[in-house]
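Me: I've got a model open and want to check the labels people put on it. Can you walk me through how each one is earned?

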Amino acid sequence: MKKMFKIKPIHCVGAFIAIILSMYMVDSFTPKASIKSIHETSLLEVDDRVFGDKTGSGISYVLFYSEDSEKCTEMAYNLDQLSKKESGSHFYCMNVSKDQAQALAHQVSGVPYTLILKDGKPVEKVLGIVPVSNLRMIHERINKKD
């Protein structure tokens, strides 16, 4: 008769430690935004007065952000990376605590919130942090709608 392997509590503890270590290693190798502030990016700051003029033609990305949010800074970094590849588009940012009219008009429910406009009309809304690869896919999809 063959002896069967039995799972003991020590095996569960070992598996738990292995999972925690692997998660830590994956997180430490994940590229992070190398900027400390949104103002270190190529995103141009706009306000309520010039919003319509700036976003009226072509494809425009507008990041609605809060000054003290690390997530907003990370999303700004991702948009900055996209802006280096997509020279025909416009990239802006708008502080929701300073300029609230556009945030209210576009129903910004949280930050980071990215509004993508084509010829002044909203075509896509993105809430949260989106990787650059996904932003490229969104950009390609918007361009195909022509």
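Reply: Sure. Helices and strands here are DSSP runs, at least four residues for a helix and at least two for a strand, numbered from the N terminus. Keep in mind that this is a predicted model. With those labels, lysine 145 sits in the segment after H5.

Me: What makes lysine 145 exposed or buried?

Reply: Its relative accessible area is 53%. Exposed means over 50%, so lysine 145 is exposed. Its C-alpha atom is separated by 28 Å from that of tyrosine 65, and the two residues are 80 apart along the chain.

Me: How do you know how many disulfides there are?

Reply: A pair of cysteine sulfur atoms has to be within 2.5 Å to count. Take cysteine 72: the closest cysteine sulfur belongs to cysteine 93 and is 10 Å away, so that is too far for a bond. The count by this rule is zero disulfides.

Me: And which label does cysteine 72 get, buried or exposed?

Reply: Buried means under 20% relative accessible area, and cysteine 72 has 0%, so it is buried. Cysteine 12 has 48%. That value falls between the 20% and 50% cut-offs, so cysteine 12 is called partly exposed.

Me: What is the strand order in the sheet?

Reply: The order is S1-S3-S2-S4-S5, an open sheet of five strands with mixed pairing. The edge strands are S1 (44-45) and S5 (121-127), each of which pairs on one side only.

Me: How do you know that S1 pairs with S3?

Reply: Pairing takes at least two bridges between the strands. S1 and S3 (residues 90-95) are joined by two bridges and run parallel, so they meet that cut-off. Within this pair, glutamate 45 stands opposite cysteine 93 in S3. Helix H3 (residues 70-85) packs on the sheet and touches S2 (59-65), S3 and S4 (113-118), with its direction at about 165° to that of S2.

Me: What is the pairing sense of S4 and S5, parallel or antiparallel?

Reply: Antiparallel, over six bridges. One of the bridges pairs lysine 118 with lysine 121 in S5. The two strands form a hairpin with two residues between them.

Me: What makes aspartate 119 stand out in phi?

Reply: Aspartate 119 has a positive phi of about 55° although it is not a glycine. Most residues other than glycine have a negative phi. Aspartate 119 is in the loop between S4 and S5, and its relative accessible area of 46% makes it partly exposed. Glutamine 107 also has a positive phi of about 55° and is not a glycine either. Glutamine 107 lies in the loop between H4 and S4 and, at 62% relative accessibility, counts as exposed.

Me: Why is the bond between valine 111 and proline 112 called cis?

Reply: Its omega is about 0°, and the bond is a cis peptide bond. Most peptide bonds are trans. Proline 112 is in the loop between helix H4 (101-105) and S4.

Me: How do you know that the length of H3 agrees with a helix?

Reply: The 16 residues of H3 should span 22 Å at 1.5 Å a residue, and the end C-alpha atoms are 24 Å apart, which agrees.

Me: Which residues of H3 are buried?

Reply: They are Cys72, Thr73, Met75, Ala76, Asn78, Leu79, Asp80, Leu82 and Ser83. The cover over them includes S2, S3, S4 and H5. Two polar cases make the rule concrete. Threonine 73 has a relative accessible area of 9%, so it is buried, and it touches Ile35, Lys36, Ser37 and Ile38. Aspartate 80 also has 9% and is therefore buried; its contacts include Thr41, Ser42 and Leu43.

Me: What makes a group of residues a nonpolar core?

Reply: Its members must be buried nonpolar residues joined through side-chain atoms within 4.5 Å. The largest core has 19 residues, and Ile38, Leu43, Tyr61, Leu63, Leu79 and Ile116 touch the most other members. S2, H3, S3 and helix H5 (132-144) each give two or more residues, and H3 gives the most, with five. A second, separate core has 11 residues, including Phe51, Phe64, Tyr92 and Tyr113.

How values were computed:
Residues numbered from 1 in each chain as written. Predicted model: local features only at pLDDT ≥ 70, side-chain atom pairs only at ≥ 80, totals over all residues. Heavy atoms only, no water. Buried < 20%, exposed > 50% of the residue type's maximum accessible area, 1.4 Å probe, protein only. Contact = heavy atoms within 4.5 Å. Axes fitted to C-alpha atoms, helices over the stretch in contact; angles between N-to-C directions. Expected span 1.5 Å × (residues − 1). Lists of a residue's contacts leave out its neighbours within four places in sequence.
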